[in-house]
Amino acid sequence: MKVTSNYLPNYGYIKTKLPNKLYKALLSECLNARDNTKHKTALSSDGTPEHFYVEKNYKSLINFVKKMHVEYDKHFSGISDIKVLTANLPFAYGRPWINVHRQNEFIPIHTHGGVLSYNIWIKIPYNGNDDPYLGNFTFVYSDIRGNIVDKIMKLSSKDEGVMMMFPSKLNHLVWPFHNNKQDRISIAGNILLEVTKENQ
């Protein structure tokens, strides 16, 4: 019997390593993140990390995000084709923020506003362990059978400087880590559709 396999199209995520110069500049800013403007989100509560806006390296980071956006469209074209609007809108690159994550803190399951989102691991103060959850980043989504599945990304210091871009409505979370008094630091941001005066 001759059988062919056929996969239904879907979207995924892409990853890359930041240029060393940009990573070092962001690392320096992140280590002093509490000097920046505080960012309050719907996830800001007891047990969750503090958020601060990226300020000093905003322009250079957004320039790199734009390049990643182009790469995402090469790998997964069409995600920005909303087809519920009367006209296409330009993209806007929201203000990225820094997450300063202490031991025992966590980021609960959530989605972002926008079309695409990204995460950059700046400082991971541990090197993994046998527990698949502790300190790790996880996507949660439904498969074609309707089952809830997760994609766990085991993180270690080797992931410092890695950037990931993914659909904004893809559920994700960050598990807590324990017995480590150093901060876990990351940067996140969104790519949205811009409403201009002509479109209002």
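These legends go with close-up views of a predicted model.

**View 1. The largest pocket and what lines it.** This one has a volume of about 350 Å³. Its lining counts 14 residues, and the ones nearest the centre are Asn10, Tyr11, Gly12, Tyr141 and Leu170. Strand E7 (residues 137-142) chips in three residues, the largest share of the lining. Sorted by class, the lining of the largest pocket has nine nonpolar, three polar and two charged residues.

**View 2. The second largest pocket, at about 250 Å³.** Here 21 residues make up the lining, with Leu43, Trp97, Ile107, His110 and His112 closest to the centre. Several strands give two or more residues each to this lining: E4 (97-101), E5 (107-110), E6 (116-123), E10 (171-174) and E11 (184-193). As for class, 10 of the residues lining the second largest pocket are nonpolar, 10 are polar and one is charged.

**View 3. An open sheet of four strands.** Follow the order E5-E10-E7-E8 and you have walked across the sheet, with antiparallel pairing. At the edges sit E5 and strand E8 (148-153), each of which pairs on one side only. Ignoring direction, neighbouring strands of this sheet are turned by 20° against each other on average.

**View 4. Zooming in on E7 and E8.** These two strands run antiparallel and are joined by six bridges. One pair to look for is Phe137, which stands opposite Met153 in E8. As a reminder, strands of a sheet pair through backbone hydrogen bonds, whether parallel or antiparallel. E7 also turns up in the first view, where three of its residues help line the largest pocket.

Terms used. Residues are numbered from 1 along each chain as its sequence is written. This is a predicted model: local features need pLDDT of at least 70, side-chain atom pairs count only at pLDDT 80 or more; totals for chains, interfaces and linings use all residues. Side-chain values use heavy atoms; hydrogens and water are left out. On a 1 Å grid over the protein atoms alone, a cavity is a set of points where a 1.4 Å probe fits but cannot get out, and a pocket is an open set with protein on both sides within 12 Å along at least five of seven lines; lining residues have an atom within 4 Å of a point. Grid points are joined across faces, edges and corners, and a volume is the space filled by probe spheres set on the points. Ala, Val, Leu, Ile, Met, Phe, Trp, Tyr, Cys and Pro count as nonpolar, Asp, Glu, Lys and Arg as charged, and the others, Gly among them, as polar. Two strands pair if DSSP finds at least two bridges between them. Axes are lines fitted to C-alpha atoms, for helices over the stretch in contact, and angles run from 0 to 180 degrees between N-to-C directions.
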